[in-house]
Amino acid sequence: MISPPPNELFTAFSFIGFLMCAIPFYWHFQARNVGTCLYMAWTGLGCLILCIDSIVWNKNMVNRAPVYCDISTRFQIALNSALPACSLCIQRRLYKCTTVTTGGATREEKRRDVVIDLLIGIGIPILQVVAQHVVSGRRYLIFEDYGPAHHTVSTPAAIPLFYAWPVAIGTVSFFYCVMNIYHLYRRKRQFKDMPVISSGSGINRSIYIRLMLLSSVEILGTIPLGSYWISFAVKQGLRKWGSWADVHSHYSVIRQIPSIVWKHNYPSVVGLELTRWSLVLCAFLFFAFFGLAEEAWKHYRLVYTSLANRLGYSTSSNTTCSSNGYAVQLTALA
């Protein structure tokens with residue numbers, strides 16, 4: 001039997017994870033880093049929602065907010081493919097940077113890239129929610145010390161409609177990752193000498209490497225973890241698909257499961273705890289790559305200087321920051 005960590009511990013770490021995604025969001029948004037912004041938005045909001053759930057349903061399983069439970073569970077379903085989709089956006093953009101050898105992208109091309117990234121990073125998760133509804137056995141479940149969770153009926157149809165999405169997206173991202181490494185190796189001497197990777201991209205070597213590491217770690221986690229969930233569902237036993245009416249026969253019945261029950265059930269503990277703690281890990285991973293980098297410290301000093309000036313404290317700084325805006329230029333995705 002696996003003993004899960006205290007619920008209060010997750011509450012604290014999930015809120016810290018939300019802050020870690022919220023802090024760098026502003027300057028990445030200014031730089032129009034679509035892939036990284038979507039990654040921060042999905043991860044940060046996911047941590048915040050699960051943090052709220054862990055507080056509201058701490059030591060209780062009352063169905064107190066049905067509409068909120070619908071929102072929370074649908075967001076959790078979208079997260080199944082959202083982070084892999086964000087990694088695909090990042091790898092795709094890096095691929096374009098390493099393969100474009102002539103002048104920078106035109107305004108129309110940049111606008112088209114933004115639209116494509118939004119379709120991947122938001123459109124795919126929305127489609128995931130729609131597809132999962134086909135195999136959704138109940139509107140939602142409520143677990144004590146966890147909160148609302150979706151209920152996916154383990155039928156053969158659930159594999160292509162829900163479980164296989166992260167693996168499929170991760171495989172496409174892996175292809176881009178391999179091609180990025182290949183083109184980077186071919187241009188390694190040029191890569192060492194150039195201040196930016198490609199004209200018009202604004203990506204310097206440091207940011208390029210960190211984006212590659214972030215998305216690569218995400219891919220290396222997505223494919224094995226997604227494969228594990230597929231095998232886990234198969235080992236638990238796939239229920240024969242009867243009909244739409246059969247799968248959704250108890251859709252409106254909200255099951256409420258006490259912690260003494262699900263915390264002594266291995267599949268439930270693995271499913272719930274691994275799902276929510278992996279999201280916190282993603283938040284910490286992102287902050288490690290981008291929240292502690294050189295450009296991040298420049299923005300922290302800017303905020304500190306601005307606040308100190310407003311409070312009447314004098315600060316001596318050699319930075320080129322001004323209190324009315326960012327003078328530091330973040331070299332990031334254009």
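## Aromatic pairs

The structure, a predicted model, holds 15 aromatic pairs; Phe, Tyr and Trp rings (for Trp, its six-membered ring) count as a pair when their centres lie within 6.5 Å, with planes under 30 degrees apart called stacked, over 60 edge-to-face and the rest tilted. In one of them, the ring centres of F13 and W277 are 5.9 Å apart and the planes stand at 55°, so this pair is tilted. F13 belongs to helix 1 (residues 7–22) and W277 to helix 12 (residues 266–291), so the pair links parts of the chain 264 residues apart; helices (H or I, at least four residues) and strands (E, at least two) are DSSP runs numbered from the N terminus.

Both residues are partly exposed: F13 has a relative accessible area of 32% and W277 has 22%. Here buried means under 20% relative accessible area, exposed over 50%, and partly exposed in between (1.4 Å probe, protein chains only). Ring pairs join F13 and W277 with F10 and F284 in a cluster. R276 adds a charge: its charged end sits over the F10 ring, 4.2 Å from the centre (the criterion is NZ of Lys or CZ of Arg within 6 Å of the ring centre and within 35 degrees of the ring normal).

## Nonpolar cores

Let's move to the interior. The largest nonpolar core has 41 residues, and those with the most contacts inside it are Y39, W42, F143, Y146, L214 and W262. Such a core is a set of buried Ala, Val, Leu, Ile, Met, Phe, Trp, Tyr and Cys residues joined through side-chain atoms within 4.5 Å. Helix 1, helix 3, helix 4 (66–99), strand 1 (136–143), helix 9 (205–236) and helix 12 each supply at least two of its residues. Apart from it lies another core, of nine residues, including A158, Y163, W229 and V270.

## Helix 3 and Q91

Helix 3 (residues 34–56) has 23 residues and spans 32 Å from first to last C-alpha, close to the expected 33 Å, which is 1.5 Å times one less than the number of residues. Of its 23 residues, 17 are buried.

Q91, found in helix 4, is buried, with a relative accessible area of 0%. Beyond four places in sequence, Q91 is in contact (heavy atoms within 4.5 Å) with S173, Y176, C177, N180, M212, S215, S216 and I219.

## Notes on the model

Residues are numbered from 1 along each chain as its sequence is written, and side-chain values use heavy atoms, leaving out hydrogens and water. Because the model is predicted, local features need pLDDT of at least 70 and side-chain atom pairs count only at pLDDT 80 or more, while totals for chains, interfaces and linings use all residues.
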